[in-house]
Amino acid sequence: MDRAELSITVQRTGDEAVLRLAGEIDMLTAAQLSTVVNEVLADPPPRIVLDLAGVTFCDSQGLGTLVVLSRKASHARSLLMLSNVGDFLIRVLDITGLRSALMIRNEATP
């Protein structure tokens with residue numbers, strides 16, 4: 001079985017940090033995502049945007065991690081937003097009822 005991989009690049013601007021994710025968010029990579037978001041929250045910007053355009057898979061551990069990170073950001077007075085959420089993940093969020101727990105900003109153009 002191949003090891004799931006997740007690459008994360010962080011770009012900070014004045015009022016937001018954009019994290020571009022590529023790969024899989026699952027039980028093997030969720031801790032990596034948490035670590036990076038926690039580092040950003042050490043000096044919290046008003047907005048943290050998780051760009052999920054490159055995400056190919058997200059399991060229940062990944063979903064739970066997104067919800068926990070959203071709450072952590074809220075406690076740090078920051079807003080965690082998901083952008084470029086793929087159709088597969090939108091369906092999973094709808095089915096699990098988690099769509100309402102997360103801020104999603106999908107745009108027609110990047």
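User: Which residues is Ser70 in contact with, leaving aside its neighbours within four places in sequence?

Analyst: Keep in mind that this is a predicted model. Ser70 has its place in helix α2, and contact here means heavy atoms within 4.5 Å. Skipping the neighbours within four places in sequence, we're left with Leu80, Ala101 and Leu102.

User: Is Ser70 buried or exposed?

Analyst: Its relative accessible area is 14%. Buried means under 20%, so Ser70 counts as buried.

User: Are helices α1 and α2 roughly parallel or roughly antiparallel to each other?

Analyst: Helix α1 covers residues 30–41 and helix α2 covers residues 60–75, and their axes come within 10 Å. Those axes cross at roughly 10 degrees. Angles under 35 degrees count as roughly parallel, so α1 and α2 are roughly parallel.

User: How do the residues of the contact of α1 with α2 divide into nonpolar, polar and charged?

Analyst: On the α1 side, the contact is made by Ala30, Leu33, Ser34, Val37, Asn38 and Leu41. α2 brings Gln61, Thr65, Leu66, Leu69, Lys72 and Ala73. Sort them and you get seven nonpolar, four polar and one charged.

User: Within what arc do the buried residues of α1 fall?

Analyst: The buried residues are Ala30, Leu33, Ser34, Val36, Val37, Val40 and Leu41. What covers them includes β1, β2, β3, α2 and β4. Look down the helix axis and they line one face, because they fall within an arc of 165 degrees.

User: Which exposed residues sit on the face of α1 turned away from its buried side?

Analyst: We've seen that the buried residues of α1 line one face of the helix. The face turned away from that buried side carries the exposed residues Ala31 and Glu39.

Technical notes: Residues are numbered from 1 along each chain as its sequence is written. This is a predicted model: local features need pLDDT of at least 70, side-chain atom pairs count only at pLDDT 80 or more; totals for chains, interfaces and linings use all residues. Side-chain values use heavy atoms; hydrogens and water are left out. Axes are lines fitted to C-alpha atoms, for helices over the stretch in contact, and angles run from 0 to 180 degrees between N-to-C directions. Helices (H or I, at least four residues) and strands (E, at least two) are DSSP runs, numbered from the N terminus. Angles under 35 degrees count as roughly parallel, over 145 as roughly antiparallel, 65 to 115 as roughly perpendicular and the rest as oblique. Ala, Val, Leu, Ile, Met, Phe, Trp, Tyr, Cys and Pro count as nonpolar, Asp, Glu, Lys and Arg as charged, and the others, Gly among them, as polar. Buried means under 20% relative accessible area, exposed over 50%, partly exposed in between (1.4 Å probe, protein chains only). The arc is that of the directions from the helix axis to the C-beta atoms.
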